[in-house]
Amino acid sequence: MVLFRGDVKSKSLQRRTSISVILPADNIHFLQDREEIVPQPYKTVYFLHGLYGSDEIVLANTSIQKFAEDNGIAIVIPCGENSFYVDNEKAHAYYGEYVGQELLDITRNIFPLSDKREDTFIAGFSMGGYGAVRNGLKYSQNFSKIGMISSALITDEIADYVSDDNVLRSRPFYESIFGDLDDLKGSDMDPKALIENTQDIPDIFMACGVDDFLFDKNVDFYEFLKSKAIDAEFIQAPGEHTWDFSEKYLKEFIKTII
């Protein structure tokens, strides 16, 4: 297994930004005197972290490196700040463009990653789950499957949030990301509107803990998908909004694509 951690220069973000890349290469088992060769180019999951997170914190809180090695798949983890992976024109921080297209171009140019849609997947946890479905649909020509784990599907209700001491309930915070919240519904930042307007919808995998504070929002989105005759898998399992749940169901998502 090879782990690359470093910075890349992004035109979409107008700055350098960190990424971590796990490659299923150099699988040398010295004690067993054997080596496993994973054919190149590699299938790739672009995994998006949650609010307050980073690419480094995903590596620190999960065992996903070993799992990727054992299953012969590459994982690219960008740093998304607290952007919800959408495009902020005023700040020239086009995170949607970055994870939906530019990051694929950058990493494919550096690493032996497949450029085929059927070998390319996007997934995320919490804020990253929202980012995965938003950009998996907006850039549906690039991704064949979307993994949504404990997704922050909050766009239906944040227009009703009020400002208080909790950033998760702060209207100004969300306005700094999404712009005018009254214009959010029906826009390209509204996953339901994207479902309505996307021709070739990627396969969708969802998982959320029944004790997660986002559970009802995930159920609502799954019911919406069913009402539109969208084929999606939704695992409703015991669990809360935790790293353990995120790791377990990222691994379950990977099992569906290897």
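Analyst: A residue is buried when its relative accessible area is under 20%, exposed when it is over 50%, and partly exposed in between (1.4 Å probe, protein chains only). This is a predicted model, where local features need pLDDT of at least 70, side-chain atom pairs count only at pLDDT 80 or more, and totals for chains, interfaces and linings use all residues. Residues are numbered from 1 along each chain as its sequence is written, and side-chain values use heavy atoms, with hydrogens and water left out.

User: Thanks! How many disulfides does the structure hold?

Analyst: Zero. A disulfide here would be a pair of cysteine sulfur atoms within 2.5 Å.

User: And is Cys-208 buried or exposed?

Analyst: Cys-208 is buried, at a relative accessible area of 0%. Cys-79 is buried too, at 9%.

User: Let's do the sheet. Which strands form it, and in what order?

Analyst: Eight strands make up an open sheet, in the order S1-S2-S6-S5-S9-S10-S11-S12, with mixed pairing. Two strands pair if DSSP finds at least two bridges between them. Strands (E, at least two residues) and helices (H or I, at least four) are DSSP runs, numbered from the N terminus.

User: Which strands stand at the edges?

Analyst: Strand S1 (2-10) and strand S12 (232-237). Each has a single partner strand, so one side of each is left without a neighbour in the sheet. From one strand to the next, the twist averages 20°. For angles, axes are lines fitted to C-alpha atoms (for helices over the stretch in contact), and the angles run from 0 to 180 degrees between N-to-C directions.

User: Does anything lie across the sheet, I mean, which strands does helix H2 cover?

Analyst: Helix H2 (residues 64-71) lies across S1, strand S2 (15-23) and strand S6 (74-78), and runs at about 55° to S2.

User: What about S9, how many of its residues are buried?

Analyst: Six of the six residues in strand S9 (residues 120-125) are buried, so this strand is largely enclosed by the rest of the structure. In a regular strand, side chains alternate between the two faces of the sheet. Here Thr-120, Ile-122 and Gly-124 are buried on one side, and Phe-121, Ala-123 and Phe-125 on the other.

User: Which strands does S9 pair with?

Analyst: On one hand there is strand S5 (residues 44-48), parallel to S9 over five bridges, where Tyr-46 has Ile-122 as its bridge partner. S9 is also joined to S10 by five bridges, again running parallel, and there Ala-123 is partnered by Gly-147. Between S9 and S10 the chain crosses through helix H4 (residues 127-138), in a right-handed β-α-β crossover. Right-handed means that, with the strands pointing away from the viewer, the path from the first strand over the helix to the second runs clockwise.

User: And which strand has Met-206, opposite Met-148?

Analyst: Met-206 is in S11. S10 and strand S11 (residues 203-209) are parallel, with five bridges.

User: Switching to charges: how many salt bridges are there?

Analyst: A search of the whole structure finds 16. A salt bridge is a side-chain nitrogen of Lys or Arg within 4 Å of a carboxyl oxygen of Asp or Glu. One of them joins Lys-217 and Glu-157, at 3.5 Å from N to O. Lys-217 is in helix H7 (residues 215-227) and Glu-157 is in the loop between strand S10 (145-149) and helix H5 (171-178), so the pair ties together parts 60 residues apart in sequence.

User: How far apart in sequence are Lys-251 and Glu-247?

Analyst: Four residues apart in helix H8 (residues 243-255), which means about one helical turn separates them. Their salt bridge is 2.9 Å, N to O, and both residues are buried. Elsewhere, salt bridges with shared partners link Asp-87, Arg-134, Lys-138 and Asp-188 into one network.

User: Last one: where is Ser-144, and what is it in contact with?

Analyst: Ser-144 sits in the loop between H4 and S10 and is buried, with a relative accessible area of 14%. Leaving aside neighbours within four places in sequence, its contacts (heavy atoms within 4.5 Å) are Arg-117, Glu-118, Thr-120, Phe-121, Pro-202 and Asp-203. Ser-144 and Pro-202 are 58 residues apart in sequence, yet 4.8 Å apart in space, C-alpha to C-alpha.
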